[in-house]
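Okay, hi everyone, thanks for coming. I'd like to walk you through one structure today, and I'll take it slowly. Have a look at the picture first.

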Amino acid sequence: MVTGPAVNETARKQFVMPASDAASGQLSVRVEVDPSDVVFIKGLVEASDGLASVFCDRGGSLVLAAPLDRRAELALFLRDLEVDLGAR
């Protein structure tokens, strides 16, 4: 068991890296989806052999960050999300 002073919410937020910083140097795309689809989409991305990393700012607001050489694959994936799940 770890003991020590409790970390308050303000201190904890200082250690969270913004999605824009985490995606630096990669192709990053902001996508809005229904919050109930976030886990499903994350699973799809993880099953796509390193297509992208998924960052969730809040609710259904996602940032997908992909290597620059996977641009075409990411574009197809995003089109499918738009058609199948109404992603914007």
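Before we start, one word we'll need: a residue is called buried if its relative accessible area is under 20%. Keep in mind, too, that what you see is a predicted model.

So, the overall layout. The protein chain has four helices and three strands. Starting at the N terminus, you meet the elements in the order α-α-β-α-β-β-α. The chain is 88 residues long, and buried residues make up 28% of them. Now take the contacts in the chain with a separation of 6 or more: 58% of those are between residues 24 or more positions apart.

Let's go to the sheet. How are the three strands ordered? They form an open sheet with the order S1-S3-S2, and the pairing is antiparallel. The edge strands are S1, residues 27-32, and S2, residues 53-58, and each of these pairs on one side only. If you compare neighbouring strands in this sheet, they are turned by 25° against each other on average, ignoring direction.

Next, strand S3, residues 61-66. How much of S3 is covered? S3 is mostly covered, and six of its six residues are buried. Here's a bit of background: in a regular strand, side chains alternate between the two faces of the sheet. You can follow that along S3, where Ser61, Val63 and Ala65 point one way, while Leu62, Leu64 and Ala66 point the other way, and all are buried.

What holds S3 to its partners in the bridge count? On one side, six bridges join S1 to S3, and the two run antiparallel. One pair to find on your screen is Val29, whose bridge partner in S3 is Leu64. On the other side, five bridges join S2 to S3, again antiparallel. There, Cys56 stands opposite Leu62 in S3, and Ser53 stands opposite Ala65 in S3. S2 and S3 make a hairpin with two residues between the strands, and in that hairpin Gly59 takes a positive phi near 45°.

While we're on phi, look at Asp49. Its phi is also positive, near 50°, and this is a residue other than glycine. Where does Asp49 sit? Asp49 is in the loop between H3 and S2. It counts as exposed because its relative accessibility is 69%, and the cut-off for exposed is over 50%.

Now the helices. Helix H4, residues 71-85, lies across S1 and S3, and runs at about 5° to S1. H4 also packs with helix H3, residues 38-46, at an angle of about 150°, with the two axes 13 Å apart. Angles over 145 degrees count as roughly antiparallel, so that is what we call H3 and H4. Their crossing is right-handed.

Which residues meet there? From H3 we have Phe40, Ile41, Leu44 and Val45, and from H4 we have Phe77, Leu81 and Leu85. Sort that contact by class and you get seven nonpolar residues, no polar ones and no charged ones.

Two more stops, and then I'm done. The first is Ser24, in the loop between helix H2, residues 19-22, and S1. Is Ser24 buried or exposed? It counts as exposed, because its relative accessibility is 55%. Ser24 is 41 residues from Ala65 in sequence, but in space their C-alpha atoms are 8.4 Å apart.

The second stop is Ala87, in the segment after H4. Ala87 is buried, since its relative accessible area is 9%. What does Ala87 touch? Leaving out neighbours within four places in sequence, Ala87 is in contact with Val31, Glu32, Val33, Leu81 and Glu82. Also, look for Asp34: it is 53 residues from Ala87 along the chain, and their C-alpha atoms are separated by 7.7 Å.

If you take one picture home, take S3, with all six of its residues buried, sitting between S1 and S2 in the sheet order, and H4 lying across S1 and S3. Okay, that's my bit, thanks for listening!

Technical notes: Residues are numbered from 1 along each chain as its sequence is written. This is a predicted model: local features need pLDDT of at least 70, side-chain atom pairs count only at pLDDT 80 or more; totals for chains, interfaces and linings use all residues. Side-chain values use heavy atoms; hydrogens and water are left out. Two strands pair if DSSP finds at least two bridges between them. Axes are lines fitted to C-alpha atoms, for helices over the stretch in contact, and angles run from 0 to 180 degrees between N-to-C directions. Contact means heavy atoms within 4.5 Å. Angles under 35 degrees count as roughly parallel, over 145 as roughly antiparallel, 65 to 115 as roughly perpendicular and the rest as oblique. A crossing is left-handed if the near helix is turned anticlockwise from the far one by less than a right angle, and right-handed if clockwise. Ala, Val, Leu, Ile, Met, Phe, Trp, Tyr, Cys and Pro count as nonpolar, Asp, Glu, Lys and Arg as charged, and the others, Gly among them, as polar. Buried means under 20% relative accessible area, exposed over 50%, partly exposed in between (1.4 Å probe, protein chains only).
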